[in-house]
Amino acid sequence: MSTDDGRDARSGGQRTGLERINPPHLAPPTGFSHAVRAEAPGTLVFLAGQTALDGAGRIVGDGLVEQFERALGNLLQVAAAAGAAPSDLAKLTVFAVDVADYRRRAKELGRVWKRLVGTDYPAMAVIGATRLWDEAALVEIEGIAVVR
């Protein structure tokens, strides 16, 4: 929900001072925020790209949804190790080897997001990639968090 000036009126993100901004004259965002503003002071945490690697360094998950869940879980574990909560995520980039499949599975991916993160949506982009570092990976997620 946005205020009249386009700022997100939800209470999510208040812990970190992140303000989700979604101007009313743009198309309503689905699963992302158009902008996220971080009020200083805070600590920036840069989160390296995470794929569906298990602890032994093997890609797990037969399809996009399973790999997305593992990659997002890995990203959240890294964020937590750096002191960041899911609501601290300000910016994410998702690299997908099949953007059409990503779009087809958007509702399933959204359910995974809501279960693991909630309804605090960072500024996001999905970028098509011909392949990722791990050849069996279907998706990779990197991000920036702001910790107070």
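# Group meeting: a walk through the fold

Okay, let's start with one residue: Asp-54 is buried, and its relative accessible area is 16%. And before I go on, please keep in mind that this is a predicted model.

So what does Asp-54 pair with? Its salt-bridge partner is Arg-58, and the closest N and O atoms of the two are 3.1 Å apart. If you haven't met salt bridges yet, the idea is simple: side chains of opposite charge can pair when their charged atoms come close. I'll come back to these pairs, but let's get the overall picture first.

The protein has 148 residues, and 40% of them count as buried. Its secondary structure adds up to three helices and six strands. Reading from the N terminus, you go through β-β-β-α-β-α-α-β-β. Now think about contacts between residues at least 6 apart in sequence: 69% of those join residues at least 24 apart. As for the outside, the accessible surface is about 8,100 Å², with 54% of it belonging to carbon and sulfur atoms.

Now find the sheet on the screen. It's an open sheet made of four strands, in the order β3-β6-β4-β5, and the pairing is mixed. At the edges sit β3, residues 43–50, and β5, residues 123–128, each pairing on one side only. On average, neighbouring strands here are turned by 10° against each other, if you ignore direction.

Let's zoom in on β4, which covers residues 89–96 and pairs with β5 in the parallel sense over six bridges. Want some examples to click on? Val-94 has Val-126 in β5 as its bridge partner, and Phe-95 is matched with Ile-127, also in β5. With β6, on the other hand, β4 pairs in the antiparallel sense, over seven bridges. There you can look for Ala-96, whose bridge partner in β6 is Val-139.

Is β4 enclosed or open to the outside? Six of its eight residues are buried, so β4 is largely enclosed by the rest of the structure.

Next, look at what lies across the sheet. Helix α1, residues 64–81, lies across β3, β4 and β6, and it runs at about 30° to β6, which is residues 139–147.

A handy residue to click on here is Gln-50, which sits in strand β3. Gln-50 has a relative accessible area of 18%, so it counts as buried, the cut-off being under 20%. And who does Gln-50 touch, leaving aside its neighbours within four places in sequence? The list is Ala-71, Asn-74, Leu-75, Val-78, Val-139, Glu-140 and Ile-141.

That brings us to the core. In soluble globular proteins, nonpolar side chains tend to be buried together. The largest nonpolar core in this model has 26 residues, and the ones touching the most other members are Phe-68, Leu-72, Trp-113 and Ile-141. Where do the core residues come from? At least two come from each of β3, α1, β4, α3 (106–116) and β6. The largest share is from α1, with eight residues.

Take Leu-72 as a case. Not counting residues up to four places away in sequence, Leu-72 touches Trp-113, Leu-116, Val-117 and Ile-141.

Right, back to the charges. How many salt bridges does the structure hold? Eight. One of them joins Glu-19 to Arg-37, with the closest N and O atoms 2.5 Å apart. This pair links distant parts of the chain: Glu-19 is in strand β1, residues 18–21, while Arg-37 is in strand β2, residues 35–38, and the two are 18 residues apart. Glu-19 counts as buried, at 19% relative accessibility, whereas Arg-37 is partly exposed, at 32%.

Last stop: a salt-bridge network that links Asp-101, Arg-104, Arg-105 and Glu-108. Within it, Glu-108 bridges to Arg-105, with the closest N and O atoms 3.5 Å apart. Buried or partly exposed, what would you guess for Glu-108? Glu-108 counts as partly exposed, at 30% relative accessibility, and Arg-105 is partly exposed too, at 32%.

That's my tour, thanks for listening!

Notes. Residues are numbered from 1 along each chain as its sequence is written. This is a predicted model: local features need pLDDT of at least 70, side-chain atom pairs count only at pLDDT 80 or more; totals for chains, interfaces and linings use all residues. Side-chain values use heavy atoms; hydrogens and water are left out. Two strands pair if DSSP finds at least two bridges between them. Axes are lines fitted to C-alpha atoms, for helices over the stretch in contact, and angles run from 0 to 180 degrees between N-to-C directions. Contact means heavy atoms within 4.5 Å. A nonpolar core is a set of buried Ala, Val, Leu, Ile, Met, Phe, Trp, Tyr and Cys residues joined through side-chain atoms within 4.5 Å. Buried means under 20% relative accessible area, exposed over 50%, partly exposed in between (1.4 Å probe, protein chains only). Accessible areas come from the Shrake-Rupley method with a 1.4 Å probe; for residues, only the protein chains shown count as cover. A salt bridge is a side-chain nitrogen of Lys or Arg within 4 Å of a carboxyl oxygen of Asp or Glu.
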